[in-house]
Amino acid sequence: MLVIRNNNFLAFVTLFWLIFDIKLIGSLGSSFLTLLICSFLIVVNPRKYYENVKNVLSCFSWFFIFYLVLFLYVLIRVTVDGASDLSYLLTMSKTTLILISAISYLFVFYNSDIKNNFINVFFVNACICLFFGTFPENKKFLTPFQYGGDEVSELLGSNEYRNAFLSGSGYFGISSLYGLAFAFCLKLVVDSKRKIDYFKLLIIGIAGLFAGRVALVCYGIAILYFVIVKKNLKILFFSIFSFFIFIFIINTVPSFEGVKLWFDEMFFNKSIGNSESF
C-alpha cells in the first residue's frame, strides 16, 4: 500500500517532478516546477527553512566546490574550441538547473520523509510503466511528456515497456536511473524492515529491467555488496525469490512475451552488435 503521510503530498509530487524531469515546453522539464515551488515557499517563509538551508549548505559544501570546478572546466573548453560545439555547455546547463532544483527541494523538505518518498516515486512510475507497457495503445497520453519522439522508436524492438514511464527520459536513461536507484532503495528496504517495501522493490526492479538490460549490472553490484560485504541473508533469499518470480512471469504472462524475446536476443545473438540497444 502506498502511503503519503499528512502534508507529505507536496514533497512526494515535487520529488517525482525533480527525479523524472517530465517534459513541459521544449527542453524545459518538470524539475523547473520543483524549483519554482520550493523557491516560492522559501521566499514566503524564510525563517521556517533557515535551519534546513544551513544544514544542506554545510553538508554539500565540498560537492558544490567540485561541481563549480567541473562547470568552469566545461566553460573553458567550449571557449577554447571557439564555441564550435555547444552541446557540452547545454548539457551542463541542464544539469545545473536540476542540481539547483534538487538543492531547493532539500532546503524545503529536508525534514520530510524523503526516504519513504524516494521509494514511492520509483514504485509509482514502475506501476505506470507496467500498465502502459501492457496496454501500449494508451501511451499516447505519455508521449507529450517525453523527449525524443519517433526518432528513437526503433529502440523499442519487441519491448513496449522501454518508454512506458511518465518521464522525460526513456530506454537506457531511465534504466540507468532505476539501476542506480535500486541500490539505494535496497539499503532503505533493509533499514525499514517493512514487508511491503520488499514488494515495492520487486516492482521497481522489474520495471528497471523492462526499461533496459543495463540495470542488471547495477542490480548485481548492489546485491553482491549486501550479501558478501554486509552478509545479509535476507537480501540473498529475496534476490533468489525475485529471480524465479521474474523468470516465471515473463514465461507465463502473455503480455510479457515481447520482453522475453528481447531478453533472449541478448543471450542468444551471435554478435552483441546485432542486438538492440541495452
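## The pocket and its lining

Helix α5 gives the most to the lining of the largest pocket, with 7 residues. The model is predicted. In this model, the largest pocket holds about 730 Å³ of space. It is lined by 23 residues, and those closest to its centre are L18, I19, A102, L106 and F118. Five elements give two or more residues each to the lining: α1 (9-20), α4 (61-80), α5 (87-109), α6 and α7.

## Overall build

The chain has 11 helices and 2 strands. Along the sequence, the order is α-β-β-α-α-α-α-α-α-α-α-α-α. One helix therefore precedes the two strands, and helices follow them.

Of the 278 residues, 40% count as buried. The accessible surface of the chain is about 15,500 Å². Carbon and sulfur atoms account for 71% of that surface. Contacts often span long stretches of sequence. Among those between residues at least 6 apart, 70% join residues at least 24 apart.

## Aromatic pairs

A pair of aromatic rings is described by the distance of the centres and the angle of the planes. The whole structure has 22 aromatic pairs. One of them joins F131 and F135. Their ring centres are 5.2 Å apart, the planes meet at 50°, and the pair counts as tilted. F131 counts as partly exposed because its relative accessibility is 40%. F135 is also partly exposed, at 38%.

F165 and Y178 form another tilted pair, with 5.3 Å between centres and 50° between planes. This pair links distant parts of the chain. F165 lies in the loop between α6 (114-134) and α7 (171-192), while Y178 lies in helix α7, 13 residues away. Are these two residues buried or exposed? F165 has 1% relative accessibility, so it counts as buried. Y178 has 0%, so it is buried too. The cut-off for buried is under 20%.

## A ring cluster and a charge over a ring

F165 and Y178 also belong to a cluster. Ring pairs link them with F16, F20, F118, F122 and F184. F118 appears in the pocket as well, among the residues closest to its centre.

Elsewhere, an arginine meets a tryptophan. The charged end of R213 sits over the ring of W262. The distance to the ring centre is 4.4 Å.

## Contacts around S104 and L166

S104 is in helix α5, the helix that gives the most to the pocket lining. S104 counts as buried because its relative accessibility is 6%. Leaving out residues up to four places away in sequence, S104 touches T34, L35, C38 and I42. V56 is 48 residues from S104 in sequence, yet the C-alpha atoms are 9.5 Å apart.

L166 is in the loop between α6 and α7. This is also the loop that holds F165. Which residues does L166 touch, not counting those up to four places away in sequence? They are F16, F20, I22, N125, I128, L142 and F145. Two of these, F16 and F20, are members of the ring cluster. N125 is 41 residues from L166 along the chain. Their C-alpha atoms are separated by 6.4 Å.

## Two positive phi angles

Most residues other than glycine have a negative phi. D21 has a positive value, near 45°, and is not a glycine. D21 is found in the loop between α1 and β1 (23-25). At 8% relative accessibility, D21 counts as buried.

K231 also has a positive phi, of about 55°, and is not a glycine. K231 is in the loop between α9 (215-229) and α10 (233-252). Its relative accessibility is 62%, so K231 counts as exposed. The two residues thus both lie in loops, but D21 is buried and K231 is exposed.

Notes. Residues numbered from 1 in each chain as written. Predicted model: local features only at pLDDT ≥ 70, side-chain atom pairs only at ≥ 80, totals over all residues. Heavy atoms only, no water. Helix = DSSP H or I, 4+ residues; strand = E, 2+ residues; numbered from the N terminus. Buried < 20%, exposed > 50% of the residue type's maximum accessible area, 1.4 Å probe, protein only. Contact = heavy atoms within 4.5 Å. Areas by Shrake-Rupley, 256 points an atom, 1.4 Å probe, with all protein chains shown as cover. Phe/Tyr/Trp six-rings, centres within 6.5 Å; stacked < 30°, edge-to-face > 60°. Lys NZ or Arg CZ within 6 Å of the ring centre and 35° of its normal. 1 Å grid on protein atoms, 1.4 Å probe; cavity = no way out; pocket = protein on both sides within 12 Å on 5 of 7 lines; lining within 4 Å. Points joined across faces, edges and corners; volume = space filled by probe spheres on them.
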